[in-house]
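Welcome! Here are some short exercises to work through with the structure open beside you.

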Amino acid sequence: MTAAPAAPFLVAASLSGRADADWARAASDHVDCAVMGGIALDPASRDAARELVARGRSEFLPDDPLAWLGRQLRATADAPVVPGINVRSATIEPVCKAAAACAERDAICEINAHCRQPELRAVGCGETLLADRDRLAAYVAAAADAGATTSVKVRAEVPGVDLTAVARAVAAAGADWLHVDAMDSEAVVAELTRTAPAGLTVVANNGVRGHDTVAAYAARGADAVSIGRPSTDPQARSRVAEAVAAWRDGRLTGRLEASS
Ligand SMILES: Cc1cc2nc3c(=O)[nH]c(=O)nc-3n(C[C@H](O)[C@H](O)[C@H](O)COP(=O)(O)O)c2cc1C
């Protein structure tokens, strides 16, 4: 099991086609954990990723995704950051293999129940897993059984999805982290941290840019925050890292009260 950073901590969140070992190493001067990928693992998710590339999106599409994953983990082994890999798959077997590779390298295995592109949804990947809790729980159980610290990346504001029920299901299946893209709804983080099973680390994501946004998620009970788009910008990373350090040291208290 990975030595996860002590809360509160800062995560660099996946950016498909960009978040590789070089990205993680560059971010490691400010973040505690860097979740690389997302990487499509199986033929159906890879076909979907090819369709995304065909319409101009940036994707990782190596010949052998598990070999790629191993290379990113080896290349971050000496970096001062907990590595992670965000995985997409329409089938469970590649998730087991990816999680075993993550476990071997003390890396976080993050199940992607987040991406909303129609191509990925059409093959049962990304946010479709939020409405297919049994399959999502099976992926989580497989990753946890492989010995990996397991994160589930979810998105708020998906019609018909009860995220508190998703949180309960993935925690029961062995998830360690719930990585929540709150979209425009910081309140969802408060609801999840209020109802989340004990031991589930809630990482709040979306719009984290500095003191006020870190304080807003801290006030809503998050254990950690993550940055996606700002992860490639050293100044933005530094600003958020300083806010997280203030949170850790108790120096965000006034802002917590102001924003609660
Ligand atoms: C270009 C791009 C690619 C992304 N790829 C992934 C991905 O592969 N897996 C994933 O879970 N989230 C992915 N995300 C979502 C981000 O990790 C993050 O949740 C989102 O950008 C909101 O956080 P931010 O406001 O800090 O950018 C992607 C976002 C962008 C902009």
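**Exercise 1. Find the residues that surround the ligand, and name the closest.**

Solution. Count the residues with a heavy atom within 4 Å of the ligand. There are 22 around the ligand, and the closest are Ser14, Asn205, Arg209, Gly228 and Arg229.

Before going on, note that this is a predicted model: local features need pLDDT of at least 70, side-chain atom pairs count only at pLDDT 80 or more, and totals for chains, interfaces and linings use all residues. Residues are numbered from 1 along each chain as its sequence is written, and side-chain values use heavy atoms, leaving out hydrogens and water.

**Exercise 2. Look for polar contacts of the ligand (pairs of N or O atoms within 3.5 Å).**

Solution. Start with glycine 228, where a polar backbone atom is 2.8 Å from an oxygen atom of the ligand. Next, a backbone N or O atom of glycine 207 lies 2.9 Å from a ligand oxygen atom. Then turn to asparagine 112: a polar side-chain atom there lies 3.2 Å from a nitrogen atom of the ligand. Finally, the ligand taken alone exposes 610 Å², and the protein buries 88% of that (Shrake-Rupley method, 1.4 Å probe).

**Exercise 3. Work out which residues of helix α4 are buried (under 20% relative accessible area, 1.4 Å probe, protein chains only).**

Solution. Helix α4 covers residues 93-104, taken as a DSSP run of H or I with at least four residues. Its buried residues are Pro94, Val95, Ala98, Ala99, Cys102 and Ala103. They pack against α3, β3, β4 and α6, with contact meaning heavy atoms within 4.5 Å.

Methods: Helices (H or I, at least four residues) and strands (E, at least two) are DSSP runs, numbered from the N terminus. The expected span of a helix is 1.5 Å times one less than its number of residues. Buried means under 20% relative accessible area, exposed over 50%, partly exposed in between (1.4 Å probe, protein chains only). A residue is near a molecule or strand if one of its heavy atoms lies within 4 Å of it. A polar contact is a pair of N or O atoms within 3.5 Å; within protein, one must be able to donate a hydrogen and the other to accept it, and residues adjacent in sequence count only if both atoms are side-chain atoms.
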